[in-house]
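Me: I have a protein model to go through and would like to practise reading it. Please take my questions one at a time and reason each answer out.

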Amino acid sequence: MKAAQYFIEKLGLQQHAEGGFYSSTFAGKELVNTATGERPVYTSIYFLLRSSDISHLHRLQSDELWYYHAGSSLTVHMIYPDGTYEAKKLGLNIEAGEQPQILVPKYTIFGSSVDEPQTFSLVGCMVAPGFDYADFELFTQEELLQAYPQHAAVIRKMAYEQL
């Protein structure tokens, strides 16, 4: 298996504000109107997360589809708008409950982690309507613990202490 650094270099991945590495790959040519402005109908990125990284808890105003590409499985941690928590595994070991695609519905607070030590996961993420930082919210532990104290363990693991 290729190392994380191979994909970071060959795919031109840059550090992402939420954690990990990414590169924009596609954006729809058609535009749609949203509450925060005009967006491409979709956008897509490569996203790489090493086991030493965390994709910190954040929220989008659009649906995001995740697609497994390479490396170890990736856990997507989600706190839905109704306050329930769910962790889904993105990967190809179907018998172990992994899925090659996962949907994170809009308004869901989510982050991701690679549980297997000394490895990484390379995935694709498509956002529809397309991603824009105006629709991106990154959370601190304090903010989330006030709203969702029942999920303290995952919040302490997956959210920034301070921004």
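Me: Which residue in β10 is the bridge partner of Y67?

Reply: This is a predicted model, in which local features need pLDDT of at least 70, side-chain atom pairs count only at pLDDT 80 or more, and totals for chains, interfaces and linings use all residues. Residues are numbered from 1 along each chain as its sequence is written, and side-chain values use heavy atoms, with hydrogens and water left out. Strand β7 (residues 63-71) pairs with β10 in the antiparallel sense over four bridges; strands are DSSP runs (E) of at least two residues, helices are runs (H or I) of at least four, both numbered from the N terminus, and two strands pair if DSSP finds at least two bridges between them. Within β10, the partner of Y67 is Q101.

Me: Which side chains of β10 point to one face and are buried?

Reply: In a regular strand the side chains alternate between the two faces of the sheet. Buried means under 20% relative accessible area, exposed over 50%, and partly exposed in between (1.4 Å probe, protein chains only). In β10 (residues 101-104), Q101 and L103 point to one face and are not buried, while the buried ones on the other face are I102 and V104.

Me: Which residues of the largest nonpolar core touch the most other members?

Reply: A nonpolar core is a set of buried Ala, Val, Leu, Ile, Met, Phe, Trp, Tyr and Cys residues joined through side-chain atoms within 4.5 Å. The largest one has 20 residues, and β5 (43-50), β7, β8 (74-79), β10 and β12 (120-128) each supply at least two of them. A second, separate core of ten residues includes I109, F139, L144 and Y148. In the largest core, the residues that touch the most other members are F47, W66, L74, V76, M78, L90 and V123.

Me: Which residues does L90 touch, not counting residues up to four places away in sequence?

Reply: Contact means heavy atoms within 4.5 Å. L90 belongs to the largest nonpolar core. With residues up to four places away in sequence not counted, L90 touches W66, Y67, Y68, S73, L74, Q99, P100, Q101, I102 and V123.

Me: Which are the edge strands of the open sheet of five strands?

Reply: The strand order in this sheet is β9-β8-β11-β6-β13, with antiparallel pairing. At one end, β13 pairs with β6 (residues 55-59) over two bridges, and there R59 has E137 as its bridge partner. An edge strand pairs on one side only, and the two are β9 (85-90) and β13 (137-138).

Me: Which residues are linked with R39 in a network of salt bridges?

Reply: A salt bridge is a side-chain nitrogen of Lys or Arg within 4 Å of a carboxyl oxygen of Asp or Glu, and the structure holds six. R39 forms one with D132, with closest N and O atoms 3.6 Å apart; D132 is in the loop between β12 and β13, R39 in strand β4 (residues 37-40), 93 residues apart. R39 also meets D135 at 2.9 Å, N to O, a pair that is 96 residues apart. The residues linked with R39 in the network are therefore D132 and D135.

Me: Is D132 buried or partly exposed?

Reply: R39 counts as buried because its relative accessible area is 4%, and D135 is buried as well. D132 has 29% relative accessibility, so D132 is partly exposed.

Me: How many residues apart in sequence are D115 and K157?

Reply: The side chains of D115 and K157 meet in a salt bridge (4.0 Å, N to O). D115 lies in the loop between β11 (109-113) and β12, and K157 in helix α3 (residues 152-158), so this pair ties together parts whose separation in sequence is 42 residues.

Me: Is S23 in strand β2 buried or exposed?

Reply: Leaving aside neighbours within four places in sequence, S23 is in contact with L11, G12, L13, S44, I45 and Y46. The relative accessible area of S23 is 15%, so S23 is buried.

Me: Is F26 buried or exposed?

Reply: F26 is found in strand β2 (residues 21-27). At 58% relative accessibility, F26 is above the cut-off for its class, so F26 is exposed.
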